[in-house]
Amino acid sequence: MAESATIKATKDLLAKLVGFDTTSAMSNLDLIAFVQNYLDSRGVASTLVPSEDGQKASLYATIGDGKSGGIGLSGHSDCVPVEGQNWTSDPFTLTERDGKLYGRGTCDMKGFIACVLASVPLFKAQKLKEPVHIIVSYDEEVGCAGVRPLLERLGRDLLRPRAVIVGEPTSMGVIDAHKRIDVYRTTVTGKEAHSSLPALGVNAISCAAELIGELDRIAERIAMTENDQRFEPPYSTVSVGVIDGGTAPNIVPKTCTFRWQVRSLPSAPADEPPRALSAFAETALVPKMRKVAKDAGVETEGQTSVPAFTAAAQSDAVALAMALTGANRTRTVSYATEAGLFEQAGCPAVICGPGDIAQAHAADEFVSIAQLEGCLKFLDDLTGRLRA
Ligand SMILES: [Zn+2]
């Protein structure tokens, strides 16, 4: 492989990809059109799977004899916002400093997509005994929503890969499990009153405070009972993230909502925290609220959930990533990815990609050139294994 030519192509591609502001709230269609044109000009056809509103799309492309199986290389095109972050250089202009490439998404995970695209000529130059599939999704950062419609088409009009490498930043380590995420919103409905006569009202903020106190106790209980040393921390966690309630200091507030998150071990019952919270509300809180206001209450609804990922024993995907990286052990992470969804869709998955998760989502996000070179070598070795 002409190493220097490929790393130059990767940098050029990464500069293009970073130039598209694909914050999850924005359309990713310009980026997808660029990828589609790039593939098209190299003789690779692709299929787009649009979102319901047509503002976004995933892309699926197959290189090689597309009869069965093959290896999927999967990345998400969206990034987290830059608002409120202090960047040294423009986040949407790829900037090289000291062997590092700075820009939003460089690490999470346009660097991986750039490596895959730069390797297309290499894939094309070989007669592959099984195909390579390029998968680019959207809305990963907002509950892994975008990849789901594409997964529904696997085994129908899109080939189901026999193994999928999800190129999230792992510093090219091999990740075979991660926790599950569930996001909930709890709404407390009380009763408004003048603050000089608080006993006439039901203070929704005070009730929310009791519920949040209970959530902390639930979290402590879980921390004392669960223990899976493969994860850090070795138990499921519960955390409140957003609270909103009240209108003025002299009004007893009628409503208060808060949003909270559970990150569960793959083996833990994910619905345990919301059930425990409801039980507390029904026995300890709602009866006393209803003494003052009949329609007072507490309601919790699930907002998004991303399944845990546990690679199957003797997973093809894990074995492949270990062989390609030379790793002699696997690791786990506490962030969630699309890997659990691939696994559910019948595609053995593994997480392995360039860049350090510590730089993802942060100001001055970067991926080092050394990491990209490691990923290019990984893809080169993959090609070697797939050569007919
Ligand atoms: Zn990511």
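## Helix H8 and its surroundings

The cover over the buried residues of helix H8 includes four strands and a helix: E3 (71-76), E7 (163-166), E8 (175-178), E17 (349-351) and H10 (369-386). This is a predicted model. H8 itself spans residues 316-325. Its buried residues are Ala317, Val318, Leu320, Ala321 and Leu324. Viewed down the helix axis, these residues fall within an arc of 160°, so they line one face of H8. The general rule behind such a pattern is simple: an α-helix has 3.6 residues a turn, so residues three or four places apart point the same way.

Both ends of H8 have a feature to inspect. At the N-terminal end, Ser315 acts as the cap. A side-chain oxygen of Ser315 lies 3.1 Å from the backbone nitrogen of Ala317. Just after the helix comes Gly326, with a positive phi of about 75°.

## The zinc site

Which residues coordinate the zinc ion? They are His76 through NE2, Asp108 through OD, and Glu168, which is listed with two OE donors. The distances run from 1.8 to 2.7 Å. Along the chain, the donors follow the spacing H-x31-D-x59-E. Asp108 lies in helix H3 (residues 106-118), while Glu168 lies in the loop between E7 and E8. The pair therefore ties together parts that are 60 residues apart in sequence.

The geometry is irregular, because the four donor atoms subtend angles of 53 to 137° at the zinc ion. A tetrahedral label would need all angles between 85 and 135 degrees. For reference, the ideal angle for four tetrahedral donors is 109.5 degrees. Two of the coordinating residues can also be placed by accessibility. Asp108 is buried, with a relative accessible area of 5%. Glu168 is buried too, at 3% relative accessibility.

## Unusual backbone

Most residues other than glycine have a negative phi, and most peptide bonds are trans. The following places depart from that pattern.

Asp108 and Met109 are joined by a cis peptide bond, with omega of about -10°. Met109 sits in helix H3. Asp108 is also a zinc donor, so this bond adjoins a coordinating residue. Another cis peptide bond joins Glu232 and Pro233, again with omega of about -10°. Pro233 belongs to the loop between helix H6 (204-225) and strand E11 (237-245).

Two residues other than glycine have a positive phi. For Asp98, phi is near 50°. Asp98 is in the loop between strand E4 (95-97) and strand E5 (100-102). For Met172, phi is near 65°. Met172 is in the loop between E7 and E8, as is the zinc donor Glu168. Is each of them buried or exposed? Asp98 is exposed, at 77% relative accessibility. Met172 is buried, at 14%.

## The loop at Ser51

Ser51 is found in the loop between strand E1 (46-50) and strand E2 (57-63). Ser51 is buried, with a relative accessible area of 11%. A polar atom of the Ser51 side chain lies 3.4 Å from the backbone nitrogen of Gln55. Beyond its neighbours within four places in sequence, Ser51 is in contact with Lys56, Ala57 and Tyr138.

## Nonpolar cores

The largest nonpolar core has 80 residues. Those with the most contacts inside it are Leu39, Leu73, Phe342 and Leu379. What does Leu379 touch, leaving aside its neighbours within four places in sequence? Its contacts are Leu73, Cys115, Val116, Ser119, Leu122 and Phe123. Leu73 is thus on both lists.

A second core is separate and has 27 residues. Among them are Cys207, Ile222, Phe280 and Ala293.

## The chain as a whole

The chain has 388 residues, and buried residues make up 52% of them. There are ten helices and 18 strands. Along the principal axes, the C-alpha atoms fill a box of roughly 80 × 45 × 40 Å.

How much of the contact set links residues 24 or more positions apart? Among contacts with a separation of 6 or more, such pairs account for 81%.

Methods:
Residues are numbered from 1 along each chain as its sequence is written. This is a predicted model: local features need pLDDT of at least 70, side-chain atom pairs count only at pLDDT 80 or more; totals for chains, interfaces and linings use all residues. Side-chain values use heavy atoms; hydrogens and water are left out. Buried means under 20% relative accessible area, exposed over 50%, partly exposed in between (1.4 Å probe, protein chains only). The arc is that of the directions from the helix axis to the C-beta atoms. Contact means heavy atoms within 4.5 Å. A polar contact is a pair of N or O atoms within 3.5 Å; within protein, one must be able to donate a hydrogen and the other to accept it, and residues adjacent in sequence count only if both atoms are side-chain atoms. Donors are N, O and S atoms within 2.8 Å of the metal (3.2 Å for Na, K and Ca); water is not among the atoms, so sites may look incomplete. Four donors count as tetrahedral if all angles lie between 85 and 135 degrees; four count as square planar and six as octahedral if opposite donors are over 155 degrees apart and all others between 65 and 115; anything else is irregular. A nonpolar core is a set of buried Ala, Val, Leu, Ile, Met, Phe, Trp, Tyr and Cys residues joined through side-chain atoms within 4.5 Å.
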